[in-house]
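Biologist: Could you take a close look at one part of this chain for me, the cysteines together with any unusual backbone spots? I would love a friendly walk through what the model shows there.

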Amino acid sequence: MSLGWRTLLLRIGDRCPEYGGSADHKEHIETCYGVLSREFEHSRDAIFEFLLQCAEQLPHKIPFFAVLIGLINLENEDFTKDIVDTAQAKLQDALHNENRDRIRILLRFLSGLMCSKVVVPNSVIETFETLLSSAATILDEETGNPSWQPCADFYVYCILASLPWGGPELFEQVPDEFERVLVGIQSYISIRRHFDDIAFSVFETDEGHSPNKKDFMEDLWERIQVLSRSGWKVKSVPKPHLSFEAQLVAGKSHRLSPISCPPPNFSQTSSEIFKGQEKHEADLKYPQRLRRLHIFPTNKAENMQPVDRFVVEECILDVLLFFNGCRKECAFYLVSLPVSFRYEYLMAETIFSQLLLLPNPPFRPIYYTLVIIDLCKALPGAFPSVVVGAVHALFDRISNMDMECRTRLILWFSHHLSNFQFIWPWQEWSYVKDLPKWAPQRVFVQEVLEREIRLSYFEKIKQSIEDAAELEELLPPKSGPSFKFLSDESNENTDGHKLSKELVGMVRGKKGIRDIMSWVEEHIIPTYGAEFALDVVSQTLLDIGSKSFTHLITVLERYGQIISKLCPNEEMQLLLMDEVSAYWKNSTQMTAIAIDRMMGYRMISNLAIVKWVFSPANVEQFHVSDRPWEILRNAVSKTYNRISDLRKEIQSLKKGLEVAKETGEKAIKELEEAKSALEIEGQPAPAERPGRLRRLQAYADKAKQEEVATEESLEAKAALLARALEESKELLKLLFKRFVDVLTERLPTVSANGEIPNLRAGDQNVNFVAQDLETATMEIDNENGTDKNSEPNGQNTKNGYNVGELEQWCLCTLGYLKSFSRQYATEIWSHIAMLDDEVFVGDIHPLIRRAAFSGLCRFTNEGSQL
């Protein structure tokens, strides 16, 4: 029976077999309460823990759990008093541990308990006022630190987010006190700094700033004000307590103990760099939970009140949060939220907003891919068409999409199609073949097809687009190596072919590395030179390992030392990457994998990869292919993953060293005690005692050896970390220097009166003042007051694309510069002084500075974000 009450608690509010398929919430609560009452005497503690756990991990069902607790309160006040005290203690602990999700949900839970007459309304008001007071203190220049505004915003956001759940009850029971809270929120909104999140927008626009656009906090406050003016009527929040009000009012309401917020972090200096670092740290700890896309036109999306949209978004995000890793359960709860209206379009928009959230999605992108797949299967008559509409809407606006988001969308879409037999109405996009090769829509289709081939095979993907045969032109060449020394009758007698064939024979004969290296040094280098030797060796070894990933890795592991010896400097490493690229010119995937593995085996340095990516041949591909960017992303990611791994290993070794020291001290103590007992009143110990003494001595010696070994490992790892950090510093400097160099060469110059060139105008001679431009914007969130002008695909129609190739190259490269700055902002801020002195110096083009600094959310001395 114990399993029964747990299942009933989990499924309460759902149309499910446990409740006979009924959707009557009152019936659910009565059934569940009846079972809980019978089990209460035997399972009190278990019910206590499980109720709290359900409230925290199924927060969209808090109204149901609160009513159950309210009904229990009628019979057992001590039980509910313990619930209230535990919830308050958890809230206090969450505030000091900065557990954002627990703070937000516990405030909602306390509001729900207040609605069920379990908590005194004035206690909830006092909790709100404590959070408001702390938020205002943080913004004070003298007593707080305005750089930590994200923390203050979060406190106020938690209050606002709980009002749809508890606001109606507070308005009815304590109207004056509640009005005081609302006035305090209005006061806070008026003194906080408006947050311009252009650096984190999925869609880029040219107007720079949007002073009329409301940020997330301003928008949420406006929604709550609309709710207040409508009499606090919320359709999206279940109100089961109203059905039991006559019973619940007889219960005793409990007071909450006062809470306290951690004191603000005081700023130690007024330097611009330090304040920027503080703000970045605050943004990391208190990120914005949602950035709305609004990708569907208003005539398609569900018509709901602003606050209802917010509540459903919160419920969707909560389900995604707590069922990460349980995709089936996640899909089940997403399609069965306890609301009375349809929300498929809003659900799709919210999931896509998380998939494309900048700087990083809350979970790995594959999670959202699987959830979307399961939702298509759970709602086969509704959700697939919604996803199709979302893809078309995003595709129409692809030219304005952030480069990182564009890459994520390509990866998601190709993976999604692979789960549905690669079926897609490609004929609707067949017109992209006639667009210029740099047009974003054409590049998008080209990259999706290339990724699909990675997940399947060439013939399968070619067959999938047979209804749009024009798109075959966008397929990559049929994958296969391009071996320079492939033998045929016309060239098998050349020196390169003979040497390659001889090397193959040595490998098949299992000659050792030393023998092969001696042969290279004696027979190839003296006659043909080191570059020719590298050409023969690298091409031949790549061909031997071309059958599969495993073959490639095996060859690199066994014969990588030969390649390393032939590439002692960056110049030779650049030649090696040219050879890899030439051999795998028909396979972007194998090129990226080979270079990535070579970096992993230290055959190629990360600095060499940066230089190779920014070589003239690759620079010309920046706007028409993801090939160079994939290699660059892998190199930078591997660099910082290595640093992260070393830090984790060092932490583990430090803990191991502490344990080893404690073990050694314990062994020495036991040894000394045994020695002191060797003689009893001057008489020799029994014969077996020396044997025990030897064992203890061995334990002590072993413990000391382990301690020394751990110390040596720790020192070695610390040295590796120091080296890796220095390499990362040089990597950042080189990366930004190369970005600045290539962009400076190609960006149109700023006019004499300071006007910045408009890269999207399609005319190199057209300039504009970025802050005054009112075009080239798009309708992302009309409720937030954004501009209504839309620029699908760069003002293109299905007949053309009006942005020139040079301008598109600049847009793409600037987009990737911003992407790298944003993704590695933490590492960049630690070296920003060096970058200011050595990279961002002199007359840097304002578009370069804006891209790099907006990725860092860095502010100028005038206070405006670049």
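Modeller: Happy to! Let me start with Cys32, which counts as buried because its relative accessibility is 0%. Please keep in mind that this is a predicted model. Does burial come with a sulfur partner? For Cys32 the answer is no disulfide, as the nearest cysteine sulfur belongs to Cys54 and lies 8.9 Å away. A disulfide needs two cysteine sulfur atoms within 2.5 Å, so that pair does not qualify. In fact, searching the whole structure turns up zero disulfides. Cys115 is buried too, with 5% relative accessible area.

Cys857 brings us to the backbone. This cysteine is buried at a relative accessible area of 8%, and its phi is positive, about 55°, although the residue is not a glycine. Along the chain, Cys857 sits in the segment after helix 33 (846-855).

Arg602 also has a positive phi without being a glycine, with a value near 65°. You will find Arg602 in the loop linking helix 25 (588-600) and helix 26 (606-613). Its relative accessibility is 41%, so Arg602 counts as partly exposed; the range for that label lies between the 20% limit for buried and the 50% limit for exposed.

One last backbone spot is worth a visit on your screen. Leu358 and Pro359 are joined by a cis peptide bond, with omega about 5°. Pro359 belongs to the loop between helix 14 (344-355) and helix 15 (365-378).

Notes
Residues are numbered from 1 along each chain as its sequence is written. This is a predicted model: local features need pLDDT of at least 70, side-chain atom pairs count only at pLDDT 80 or more; totals for chains, interfaces and linings use all residues. Side-chain values use heavy atoms; hydrogens and water are left out. Buried means under 20% relative accessible area, exposed over 50%, partly exposed in between (1.4 Å probe, protein chains only). Helices (H or I, at least four residues) and strands (E, at least two) are DSSP runs, numbered from the N terminus.
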